[in-house]
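Hi,

Here is the structure I promised to pass on. Please have a look, and then read my notes below.

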Amino acid sequence: MALINPYEQLRKYECQDCQAVLTCSCDREIAVHVLPHQAMRSVDAQRFEVRVTDPLVDGVCHECRGRTPPPAPRKPHRGAASPIHRYYWREIYKETNRRFIQWLREQGMPLHGPDGQSAVMTLAREHADQYTALERIVIEGIKERHASNPMYDFARPSDADVLAACGAPVEDYPACYLTPTIGHVEVLPVDTNDVTSAVSVEEFVARRLRSTGREVMLCESRPFHALYATLMWPWVQDPADSRSRVSGFGRRTPAEDGSSDLIWTMLPEDFGSPAHPLRRSASLQAHLDRLPATTDELLWVFDYWTPCAEDLKQYLWAHEEADAERARRLIEILGPEQAKAILSFLADDYWGRYLGWPDLVTWRNSGHTSTDIRFVEVKSSNDRLSEDQRDWMTSNSRILKLPFTIAKVHKTQVLNRH
């Protein structure tokens with residue numbers, strides 16, 4: 001019995017002998033009262049819809065067969081902060097909803113409306129305090145069970161181990177920290193008492209780098225999203241793609257002309273998954289090969305395609321003018337060969353690689369050429385690498401091999417802002 005999609009709350013399994021698609025009877029409450037729209041369909045790794053042929057069969061899931069289910073941790077940026085939330089998200093969801101359904105029955109509340117549709121999710125919003133209280137009880141219970149009999153292994157390499165494995169050097173930047181912290185960490189040079197000169201740790205490192213004659217651009221992830229949208233829209237939104245569909249999503253910023261806030265555009269069903277480039281590998285390589293091999297020509301294409309890529313930029317949250325400006329600057333800094341390598345890197349697994357990019361890019365100007373290019377991730381004294389940053393560093397060291405360093409802004413002094 002093979003699990004089709006580990007990230008569904010209502011999991012489906014495929015029989016390896018007869019190819020039947022089944023759900024487990026232990027999920028009956030969830031299938032009937034909470035997620036009826038998921039009860040008879042699934043989406044596989046290639047984003048193809050799979051129909052359930054045998055619903056609610058006894059002894060199908062890993063737990064009912066006495067086995068440990070495979071771990072499918074959520075990434076922190078999706079709202080799961082602690083390891084318990086990240087690994088036990090499905091167990092928390094299922095048990096909380098089961099308890100909430102029991103509470104609704106005890107209160108004599110109907111689980112379905114007059115139209116026969118499930119009312120549980122609507123009631124969960126109306127009784128959010130009760131739902132949250134039950135969720136807290138469930139989480140505490142899972143914490144106790146995990147302490148004595150863990151279902152999942154949370155062990156992971158330390159930040160130092162990850163940096164060592166990736167060969168990423170750490171550069172120290174001593175600084176004076178302002179206290180108390182308001183919103184975000186602010187620092188200033190050591191032995192400076194002018195609190196009005198305090199800046200973020202990213203700007204602090206940028207200024208230090210500029211003082212050595214280097215150029216610096218604030219970077220992070222969104223310029224790469226804009227770069228991808230602008231130079232890859234003909235391939236992503238290719239009308240010849242058999243799996244391209246009309247998709248609608250909310251405009252990220254209100255339209256200046258007062259037009260609809262809903263954008264309708266063409267997107268492949270499997271966009272962002274590793275299945276997309278595998279399915280269209282020949283057309284992907286052909287598109288990358290057609291992109292110009294000189295910086296000036298690639299910049300011309302970038303400018304020419306910018307209006308055409310507007311829908312995709314909106315979809316990827318790379319819609320700000322500053323995103324496009326920094327994306328264009330990346331082409332000037334990196335050149336076409338490296339820019340195309342980044343496009344290929346993102347295309348291979350967009351949703352798995354679009355986050356975690358470093359805070360800064362720094363370089364030296366040598367005539368019309370950028371030299372000694374480095375990407376820099378800035379960390380304050382107590383800051384740790386996020387899961388996305390760990391993933392990016394690991395993938396970069398294995399595939400892209402962009403020069404990369406960590407700038408650690410150490411707290412050597414403290415100054416009261418008042």
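**Cysteines first**

The sulfur of Cys26 lies 3.6 Å from the closest cysteine sulfur, that of Cys24, which is too far for a bond, since a disulfide is a pair of cysteine sulfur atoms within 2.5 Å. Cys26 is partly exposed, at 28% relative accessible area (buried is under 20%, exposed over 50%, partly exposed in between; 1.4 Å probe, protein chains only). Cys166 is in no disulfide either, with the nearest cysteine sulfur, in Cys219, 18 Å away. The count of disulfides comes to zero.

Some background: this is a predicted model, where local features need pLDDT of at least 70 and side-chain atom pairs count only at pLDDT 80 or more, while totals for chains, interfaces and linings use all residues. Residues are numbered from 1 along each chain as its sequence is written, and side-chain values use heavy atoms, without hydrogens and water.

**The cores**

The largest nonpolar core (buried Ala, Val, Leu, Ile, Met, Phe, Trp, Tyr and Cys residues joined through side-chain atoms within 4.5 Å) has 53 residues, and Tyr228, Ile342, Trp357 and Phe375 are among those with the most contacts inside it. Helix H13 (residues 321-348) gives the most to this core, 11 residues (helices are DSSP runs of H or I, at least four residues, numbered from the N terminus). Beyond its neighbours within four places in sequence, Trp357 is in contact with residues including Phe224, Ile342, Phe345 and Trp392 (contact means heavy atoms within 4.5 Å). Another core, of 19 residues, lies apart from that one and includes Ile30, Ala39, Leu56 and Phe100.

Best wishes

How values were computed. Helices (H or I, at least four residues) and strands (E, at least two) are DSSP runs, numbered from the N terminus.
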